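Colleague: I should like to learn how salt bridges are read from a model. May we go through an example together?

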Amino acid sequence: MPRAKADAGGSDGEKLDFEEGMERLERIVAELESGELSLEDSIARYEEGMKLQRQLTDVLNQAEKRIERLVEKGGTPATEDVGRESQESNEGELPF
């Protein structure tokens, strides 16, 4: 199955897949938290991180919409709580 691509580019301008985008975002956060960057570098990383965060959120929203379209009941599209079946079968028990 093809991996979802985020529109965020890597350092060479290529598109990152979702997992690569998350790894890059984690590296940006670590760099910012280290306090070792100059003010200009910190601002640049922050801007990159915010752009990447928006793009990854879009990828997740698109995936959620795809899943909702796949769930059908009685011929009409419907959404369904993923944990609903396990909760119904174990009434009276905690869901975790």
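Colleague: Which side chain meets that of arginine 24 in a salt bridge?

Modeller: One looks for a side-chain nitrogen of Lys or Arg within 4 Å of a carboxyl oxygen of Asp or Glu. In this predicted model, arginine 24 pairs in this way with glutamate 48, at 2.9 Å from N to O. Glutamate 48 belongs to helix 2 (residues 39–70) and arginine 24 to helix 1, so the salt bridge ties together parts that are 24 residues apart in sequence.

Colleague: Is arginine 24 buried or exposed?

Modeller: The general idea is that a residue is buried when its relative accessible area is under 20%. Arginine 24 has 17% relative accessibility and therefore counts as buried. Its partner, glutamate 48, has 29% and so counts as partly exposed.

Colleague: Which residues does arginine 24 touch, not counting those up to four places away in sequence?

Modeller: Arginine 24, which lies in helix 1 (residues 18–34), touches Leu16, Glu31, Arg45, Glu48 and Leu52.

Colleague: How many salt bridges does the structure hold?

Modeller: The structure holds 2 salt bridges. One of them joins arginine 45 to glutamate 31, with the closest N and O atoms 2.6 Å apart. This pair links distant parts of the chain, as arginine 45 is in helix 2 and glutamate 31 is in helix 1, 14 residues apart.

Colleague: How does glutamate 31 count in terms of accessibility?

Modeller: Glutamate 31 counts as partly exposed, because its relative accessibility is 25%.

Key: Residues are numbered from 1 along each chain as its sequence is written. This is a predicted model: local features need pLDDT of at least 70, side-chain atom pairs count only at pLDDT 80 or more; totals for chains, interfaces and linings use all residues. Side-chain values use heavy atoms; hydrogens and water are left out. Helices (H or I, at least four residues) and strands (E, at least two) are DSSP runs, numbered from the N terminus. Buried means under 20% relative accessible area, exposed over 50%, partly exposed in between (1.4 Å probe, protein chains only). Contact means heavy atoms within 4.5 Å.
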